[in-house]
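Colleague: Before I use any of these labels at the bench, I'd like to hear the reasoning behind them. Can we go through it together?

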Amino acid sequence: HLGGIVTASLGVSTLEPRQDRQPEEPPLRAGMRLLQTADEAMYLSKSRGKNAATALPFDIEAPRENGRP
C-alpha cells in the first residue's frame with residue numbers, strides 16, 4: 001500500500017574551505033572524518049525520535065583519535 005507516512009532522521013556536518021586553514025592530514029582522511037561527523041549527527045537524530053535533524057560542527061584542524069571526536 002503506497003499511502004503510508006514517511007519520516008526522516010537527518011545528520012549533517014559542513015566544511016567551509018579556506019586557503020588559510022589547510023589540514024596536516026591527507027584530504028581523503030579529512031573527507032572521511034567529515035563523513036564520520038555527519039554519520040554521528042544522523043545517529044544522534046535517530047536517538048531523538050522521528051523527524052529529527054542534527055548538525056555537528058567539523059573542525060578540520062582537530063584530527064580524531066581512534067575514529068572518535
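What follows is a chat about how the labels on this predicted model were reached.

Colleague: Let's start with the layout. How many helices and strands are there, and in what pattern?

Modeller: The chain has 1 helix and 2 strands, and along the sequence they come in the pattern β-α-β. Strand S1 covers 9–12, while helix H1 covers 27–48 and strand S2 covers 52–55.

Colleague: What makes S1 and S2 a pair?

Modeller: A pair needs at least two bridges between the strands. S1 and S2 are joined by 4 bridges, so they count as paired, and they run parallel. In this pairing, Val 12 stands opposite Ala 55 in S2.

Colleague: And which way do the side chains of S2 point?

Modeller: They alternate: Ala 52 and Thr 54 point to one face and are buried, whereas Ala 53 and Ala 55 point to the other and are not. That's the regular habit, because in a regular strand the side chains alternate between the two faces of the sheet.

Colleague: Why is Thr 54 called buried?

Modeller: Buried means under 20% relative accessible area. Thr 54 has 8%, so the label holds. As for what surrounds Thr 54, skipping residues up to four places away in sequence, it touches Leu 10, Gly 11, Val 12, Ala 41, Leu 44, Ser 45 and Arg 48.

Colleague: What makes the link between Thr 54 and Arg 48 a polar contact?

Modeller: The cut-off is an N or O pair within 3.5 Å, with a possible donor and a possible acceptor. The side chains of Thr 54 and Arg 48 come to 2.7 Å, so that one passes. The side chain of Ser 45 also makes a polar contact with the side chain of Thr 54, again listed at 2.7 Å.

Colleague: Ser 45 again! Is it buried or exposed, and how do you know?

Modeller: Ser 45 is in helix H1. Its relative accessibility is 0%, which is under the 20% limit, so it counts as buried. Beyond its neighbours within four places in sequence, Ser 45 is in contact with Ser 9, Leu 10, Ala 52, Ala 53 and Thr 54. Take Leu 10: Ser 45 and Leu 10 are 35 residues apart in sequence, yet their C-alphas sit 6.2 Å apart in space.

Colleague: Where is Ser 13, and why does it get the buried label too?

Modeller: Ser 13 is in the loop between S1 and H1. Its relative accessible area is 14%, and with the limit at 20% that makes it buried. Leaving out neighbours within four places, its contacts are Leu 34, Thr 37, Ala 38, Leu 56, Pro 57 and Phe 58. With Leu 56 there's a specific distance: a polar atom of the Ser 13 side chain lies 2.9 Å from the Leu 56 backbone oxygen.

Colleague: How far is Ser 13 from Gln 36?

Modeller: They are 23 residues apart in sequence and 9.0 Å apart from C-alpha to C-alpha.

Colleague: Now the other end of the scale. What makes Asn 51 exposed?

Modeller: Exposed means over 50%. Asn 51 has 55% relative accessibility, so it qualifies. It is found in the loop between H1 and S2, and its phi is near 55°, a positive value in a residue other than glycine.

Colleague: Why is Asp 39 called only partly exposed?

Modeller: Asp 39, in helix H1, has 37% relative accessibility, which falls between the 20% and 50% cut-offs, so it is partly exposed. In space, Asp 39 and Gly 11 are 6.3 Å apart from C-alpha to C-alpha, with 28 residues of sequence separation.

Colleague: What makes Leu 28 exposed, and which patch does it belong to?

Modeller: Leu 28 is found in helix H1. With a relative accessible area of 66%, it clears the 50% mark, so exposed it is. Together with Met 32 and Leu 35, Leu 28 forms a nonpolar patch on the surface, with about 340 Å² of accessible area.

Colleague: And the chain as a whole?

Modeller: Of its 69 residues, 19% count as buried. The accessible surface comes to about 5600 Å², with 55% belonging to carbon and sulfur atoms. Among contacts between residues at least 6 apart in sequence, 77% join residues at least 24 apart.

Conventions
Residues are numbered from 1 along each chain as its sequence is written. This is a predicted model: local features need pLDDT of at least 70, side-chain atom pairs count only at pLDDT 80 or more; totals for chains, interfaces and linings use all residues. Side-chain values use heavy atoms; hydrogens and water are left out. Buried means under 20% relative accessible area, exposed over 50%, partly exposed in between (1.4 Å probe, protein chains only). Contact means heavy atoms within 4.5 Å. Accessible areas come from the Shrake-Rupley method with a 1.4 Å probe; for residues, only the protein chains shown count as cover. Patches are made of residues with over 30% relative accessible area and no salt bridge: like charges are joined within 9 Å, nonpolar side chains (Val, Leu, Ile, Met, Phe, Trp, Tyr) within 5 Å. A salt bridge is a side-chain nitrogen of Lys or Arg within 4 Å of a carboxyl oxygen of Asp or Glu.
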